[in-house]
Each structure stands twice: as C-alpha cells, then as structure tokens.
Amino acid sequence: MKIGLIDADLLDNGTRHPNLALMKLSGYYKNKGHEVTLLTDYSSIIGYDKVFVSKVFSFTKFPKEVKRFNNVKCGGSGFYPEGNGPKLAKTIEHHMPDYSLYEEFIQAEIRKGVKPSRFKDYRDFSIGFMTRGCFRKCEFCINKKYDSVFRHASVNEFLDPERKYIYLWDDNVLGYAKWYEVFDELRATGKSFQFRQGLDIRVMTSDKAEVLAKSRYYGDYIFAFDDLAQKNEVIKGLRIWKKKTGKITKLYLLCAFKSTDLKDIEELFERIQILMRFQCLPYVMRYENYKNSKFARLYTHIARWCNQPHIFKKMSFREFCLAHMAYVESGHVPAALRTLNEFEEEYPEVAKRYVDLKYMHYKDSHEF
C-alpha cells in the first residue's frame, strides 16, 4: 500500500516538535513493507491507499473537506480535545518510531535557509512515554480519564542509540508509585534526558529531589504552578527541591483560564512573587480567553517580561515597561508603558504591591 501521513500542525503553524503518533505509524507500516510518505500538502491525498492526519493543537487550521475522503483517518488531541479520540492499535503504540520520517522535509527547509538548529528536536532526541496517566484531572487538561499514573513502556522501546538525548511526554512521572524504576532505566542509557510536561512539584519528596537533581538532566528543570490555590503544596515542594539543587528551575504559570478579571491578574503576580522568593523563573502560559479580556495587553506584557529570563532576572515589571522608551521616537509612549500607566491609574493598590517586585532583591532569601 501507499501510506500518506500528514502533520496538520506542521502545515498550519509550523512546530518544533515531530508528531510521535505519525512516527510510530510510519515505523509500523514500513516494517510491514508498505511505502510511507510524509505529505506536505493536502492536494495529493487521492493518490494514497490510506492517509493518516494528526494534529496536537485544537487551534490548528485544517480543511474540513479532507475528512470526506474514504481513505483518510484523523486523530490526535487537536481533533479530540476532550481526550476521547481513537487510540493507536497496541502494536503501533509500542512500535519503534521512525525517526527518519521528517528528514526529507527538514532538508528542504534547510535549503530554503532555515537554520538546522530549528530541527534539534527532530534529529537529536529519542521520544516517547515511559508512564501515562495522571490523577489530578485538571480542568484545562485533556488527560482526565485516568485515576492514577501507570507504566507505559521501557525506554528501550523508543531509544535510538545514535541520538544524543531523550525527551519524554509523560503526564506526571513523579506521581508514579515506582518512579525510581523510570529514573534507573534512564540513568542506564547514559544519555541526558528531559521531561517536556511540567513536573508535579506538589508530590516532591526528599528522595525524588535527590534523584532528579543528580540525574543527567537536559536543560532547565520545569514544574507547574497553575493555580494560586496550590500555593501551600507548591511552596512545600519547592522548599524540598531547592535544598537539593541550585540549578535553574522554571515553573509554568497558567493564567486567564478560570477568569480574566482583576483577581486573575493579582493571582498571577502573587505566583510570580512566590517564585522570586525561591529564585525560580516563571513561564507564563496564557489561555486563549485572555484575548477577550480588558487586560489582554497586560497579560501580553507580563508574559513578555517573565518569559525572557535575562530580562526578568534584572528588571521589575515597571523597569521592563520603561525600558521600551529607548526604542521609540521622542514623545511617544510605548505600548508596554501605556498599559502599565492605565493599570496603575485604575488599580493603584494592586500595582503598588506588584509592579516594582524584583527577582534580584530575593537573591539572598532564606526562604528555603
């Protein structure tokens, strides 16, 4: 058979991450002797016996008429945001991914002038899940159908010895009862690894912190702090974690999900202040509802401030907004400063508490 694979996210928005499901499908069908092609448009669908279309993001634009073709099957969280989509067959789910799937596309992009470094995730990492599931059932997450974390696969199932690193999409590896077995396997590979989802700081223990801190970890450690209601658990976990390591630690901060009002802005600033106290870096993730908020521009500038560590470490939010003055014509107030001025005028008490907070002022904090 002629098998066509379409990465809808790649065709619409572009993405730095290869589609794992498509790589597994490719590996499975190539192993069966079929011809497999990564399609870079939708125009040639009719020439294939089977076409699998996958997308991860619900906002990815996709021509709906494609679903009418009898040879097309669609899957992925982008098509089924409630997490109720069709699963890969077990023999495909546990097949070695075809890491060569995107190579022809990558070569074409490089010839166009795209830097090879953009494709680091495609070329340098073995990719997979060692555990699946999570017991948190967060409202914003599609993964609410499980009540626990369970073992999914051995690292050898998707490990390419020729690749330098490993990255994992596990939902909540630290919530797995036998978490140490996962880290033992990863250590045995001799390769650096990274968990791409925010790790669960709320289940941190001294043993977990020590093993994680001593691991051959790739890049920054990233946890999640999605709701101020988690404050006590997060602080407890950070105190344990920071006693074991001085390495860079980031936390995802979800905002504009429960609401997009002043309370959400205050709670976002409060979480940022907590991270300053622990000398951790925030990464602000704006839920799409922020676009409809009266604070839309404020959300944007807070994210720009926080998500650039070299700026966040040196400047308060006010200093970040003032810094834009150097890049505009004399007499013109830049958007960031204008947004701050409007917020400070309408909500002076809130602004007074937060806009002058500075990461470096907590450098000698004894919080942990």
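I count two residues as in contact when heavy atoms lie within 4.5 Å. I note at the outset that this is a predicted model.

**Entry 1: Glu157**

I looked up Glu157 to start. I found Glu157 in the loop between β7 (150–151) and β8. Which residues is Glu157 in contact with, leaving aside neighbours within four places in sequence? I listed Glu93, His94, Met96 and Pro97. I then checked Glu157 against Lys214. The two are 57 residues apart in sequence. Their C-alpha atoms are 24 Å apart in space.

**Entry 2: β8 and β9**

I moved on to strand β8, residues 165–168. I see β8 joined to β9 by four bridges. The two strands run parallel. I located one facing pair: Leu168 stands opposite Phe195 in β9.

Next I took β9 by itself, residues 192–195. I recalled that side chains in a regular strand alternate between the two faces of the sheet. Are the two faces of β9 covered or open? I find both covered. Ser192 and Gln194 are buried on one side. Phe193 and Phe195 are buried on the other. I note that Phe195, the partner of Leu168, is thus on record here as a buried residue.

**Entry 3: Lys250**

I looked up a lysine in a strand. Lys250 sits in β11, residues 249–255. Is Lys250 buried or exposed? I read a relative accessible area of 18% for Lys250. The cut-off for buried is under 20%, so I log Lys250 as buried. I then asked what Lys250 touches, not counting residues up to four places away in sequence. I wrote down Asp220, Tyr221, Ile222 and Phe223, and also Leu281 and Pro309.

**Entry 4: the whole chain**

I stepped back to the full chain. I tallied 14 helices and twelve strands. The radius of gyration is 23 Å, close to the 21 Å that the globule rule gives for 368 residues, so I call the chain as compact as a globular protein of that length. I read the span of the C-alpha trace along its principal axes as about 65 × 50 × 40 Å.

I checked burial: buried residues make up 49% of the 368. I checked the surface: the chain exposes about 18,800 Å², and carbon and sulfur atoms supply 50% of that area.

I looked at contacts between residues at least 6 apart in sequence. Of these, 71% join residues at least 24 apart.

I closed with charge. I have 61 positive and 48 negative charges in the chain. Their mean positions are 2 Å apart.

Note on methods: Residues numbered from 1 in each chain as written. Predicted model: local features only at pLDDT ≥ 70, side-chain atom pairs only at ≥ 80, totals over all residues. Heavy atoms only, no water. Rg over C-alpha atoms; globule rule 2.2 N^0.38 Å. Buried < 20%, exposed > 50% of the residue type's maximum accessible area, 1.4 Å probe, protein only. Areas by Shrake-Rupley, 256 points an atom, 1.4 Å probe, with all protein chains shown as cover. Lys, Arg positive; Asp, Glu negative; His and termini not counted. Charge placed at Lys NZ, Arg CZ, Asp CG, Glu CD. Pairing = 2+ DSSP bridges.
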